[in-house]
Amino acid sequence: MKEVIDEKKSTGFIVMGGDSDNKIMNLRNLIRDFTRRRNWEPYHNPKDLALSISIEAAELLEVMQWREHNIEKLLTYPDFLPRVQEELADVMIYCISLANVLDLDISDMVRKKVSRNEEKYPVGKSL
Ligand SMILES: [Mg+2]
């Protein structure tokens, strides 16, 4: 309970429970089922999943390559948002797959990391 109170103080949000208590579990199960039904589990080892996250992140960068960094201009490209969604989904699918293989609680590790970042980068010291 203390963690929930501290979290509200630092972020303004209350996030209770781990992945089993939220919609992330639905995504974890969807991805796990997709992988199992294709017999891809033997290929989904931590090293190859980490490589795949990096490869898909590079594909996300490719969408931005040689284009303006101004968001209004980026949004004028008709293919921009569909491609970002495609590659961002790929990154997230491999991140969730890695969490599945290592049995990591995504909600818990994200909350803990945000909490560490709160201490590392206090609001009062931001620009
Ligand atoms: Mg891709």
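The chain of this predicted model contains six helices and zero strands, and its elements, read from the N terminus on, follow the order α-α-α-α-α-α. Of the 127 residues of the chain, 6% count as buried. Among contacts between residues at least 6 apart in sequence, however, 73% join residues that lie at least 24 apart.

**Helix 2**

Helix 2 covers residues 23-37, and its 15 residues reach 21 Å from the first C-alpha to the last, which is close to the 21 Å expected at 1.5 Å a residue. Is this helix covered by the rest of the chain, or hardly covered? Helix 2 is hardly covered, for the count of buried residues among its 15 residues is zero. As a general point for reading any such element, an α-helix has 3.6 residues a turn, so residues three or four places apart point the same way.

**Helix 3 and helix 5**

Helix 3 spans residues 46-64, while helix 5 spans residues 80-102. The two helices pack at an angle of about 165°, and their axes are 9 Å apart. Why are helix 3 and helix 5 described as roughly antiparallel? Angles over 145 degrees count as roughly antiparallel, and the angle here is about 165°, so helix 3 and helix 5 are roughly antiparallel to each other. Helix 3 passes helix 5 in a left-handed crossing. The residues of the contact between helix 3 and helix 5 divide into 16 nonpolar, two polar and five charged.

**Two residues with positive phi**

Two loop residues can be set side by side, and the table gives the phi value and the place of each.

| Residue | Phi | Loop |
|---|---|---|
| N39 | near 55° | between helix 2 and helix 3 (46-64) |
| D103 | near 55° | between helix 5 (80-102) and helix 6 (106-120) |

N39 comes just after helix 2, and its phi is a positive value in a residue other than glycine. D103, in the loop that leads from helix 5 to helix 6, likewise has a positive phi in a residue other than glycine.

Are these loop residues buried or exposed? A residue counts as exposed if 12 or fewer other C-beta atoms lie within 10 Å of its own. N39 has 8 C-beta neighbours inside 10 Å, and therefore counts as exposed. D103 has 6 other C-beta atoms within 10 Å, so D103 is exposed as well.

Note on methods: Residues are numbered from 1 along each chain as its sequence is written. This is a predicted model: local features need pLDDT of at least 70, side-chain atom pairs count only at pLDDT 80 or more; totals for chains, interfaces and linings use all residues. Helices (H or I, at least four residues) and strands (E, at least two) are DSSP runs, numbered from the N terminus. The expected span of a helix is 1.5 Å times one less than its number of residues. A residue is buried if 20 or more other C-beta atoms lie within 10 Å of its own, exposed if 12 or fewer, and partly exposed in between; C-beta atoms are placed from the backbone. Two residues are in contact if their C-beta atoms, placed from the backbone, lie within 7 Å. Axes are lines fitted to C-alpha atoms, for helices over the stretch in contact, and angles run from 0 to 180 degrees between N-to-C directions. Angles under 35 degrees count as roughly parallel, over 145 as roughly antiparallel, 65 to 115 as roughly perpendicular and the rest as oblique. A crossing is left-handed if the near helix is turned anticlockwise from the far one by less than a right angle, and right-handed if clockwise. Ala, Val, Leu, Ile, Met, Phe, Trp, Tyr, Cys and Pro count as nonpolar, Asp, Glu, Lys and Arg as charged, and the others, Gly among them, as polar.
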